[in-house]
Amino acid sequence: MDTTHIPATCDLCDAHKGDGSGAFRVLPPVFRDFGAVRRFAGPVATVKCFEDNTPVKAAVESAGEGRVLVVDGGASLRRALLGGNLGAAAARNGWAGVVIDGCVRDVAELAACAVGIRALASMPLPTERQAPGQRDVAVQVQGVWVRPGDWLYADEDGMVVSAERLG
């Protein structure tokens, strides 16, 4: 995606600051940048999993088509849901970004991936195969509802989610 045409999150917040409908939401400023792309946007696909990245792997290994994968990892700081191999798969398969309410690993490898990657922290421990998780369901990320088909916009100032495409 051409990042020059992505609206700035500050401009979006200025335009929608009075929106009480819940269609425009701002994610809390607790996420760190890990990918090579700092500014990204796209329609949302979702995964819900806890300390098992099986559904994350399945998602990033499929065609991204410019979407943003939003992962409800239960805010776990105990296991990494995305590493270098999966970050490279996300970039190779056309994902605009991956936002993880949880951790990543292989930070140096992720920094070279041509995809936006945001997560709470880095954690070297991999996941264990425990539960399959869910795809394409409404998820809560840091208390904010994110639904498949929403649009997510990310830049240096933060991330916002809208029920429809903006700008």
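Me: Helices (DSSP runs of H or I, at least four residues) and strands (DSSP runs of E, at least two) are numbered from the N terminus. Which helix holds A91?
Reply: This is a predicted model, where local features need pLDDT of at least 70, side-chain atom pairs count only at pLDDT 80 or more, and totals for chains, interfaces and linings use all residues. Numbering runs from 1 along each chain as its sequence is written, and side-chain values use heavy atoms, with hydrogens and water left out. A91 falls within residues 84-92, which make up helix α3.

Me: How far is A91 from D11 in space, C-alpha to C-alpha?
Reply: Along the sequence, A91 and D11 sit 80 residues apart. In space, their C-alpha to C-alpha separation comes to 27 Å.

Me: Which residue forms a salt bridge with E51?
Reply: A salt bridge puts a side-chain nitrogen of Lys or Arg within 4 Å of a carboxyl oxygen of Asp or Glu. For E51, the closest N and O atoms are 2.6 Å apart, and the partner is R78. This pair ties together distant parts of the chain, 27 residues apart: E51 is in the loop between β3 (40-48) and α2 (54-60), and the loop between β4 (68-72) and β5 (80-82) holds R78.

Me: R129 forms a salt bridge with D52, so is D52 buried or exposed?
Reply: The closest N and O atoms of R129 and D52 are 3.8 Å apart. R129 counts as exposed because its relative accessibility is 58%, over the 50% cut-off. D52 has just 2%, under the 20% limit, so D52 counts as buried.

Me: What is the N to O distance between K57 and E61?
Reply: K57 is partly exposed (between those two cut-offs, 1.4 Å probe, protein chains only) at 34%, and E61 is partly exposed at 43%. Their side chains meet in a salt bridge, N to O, at 3.1 Å.
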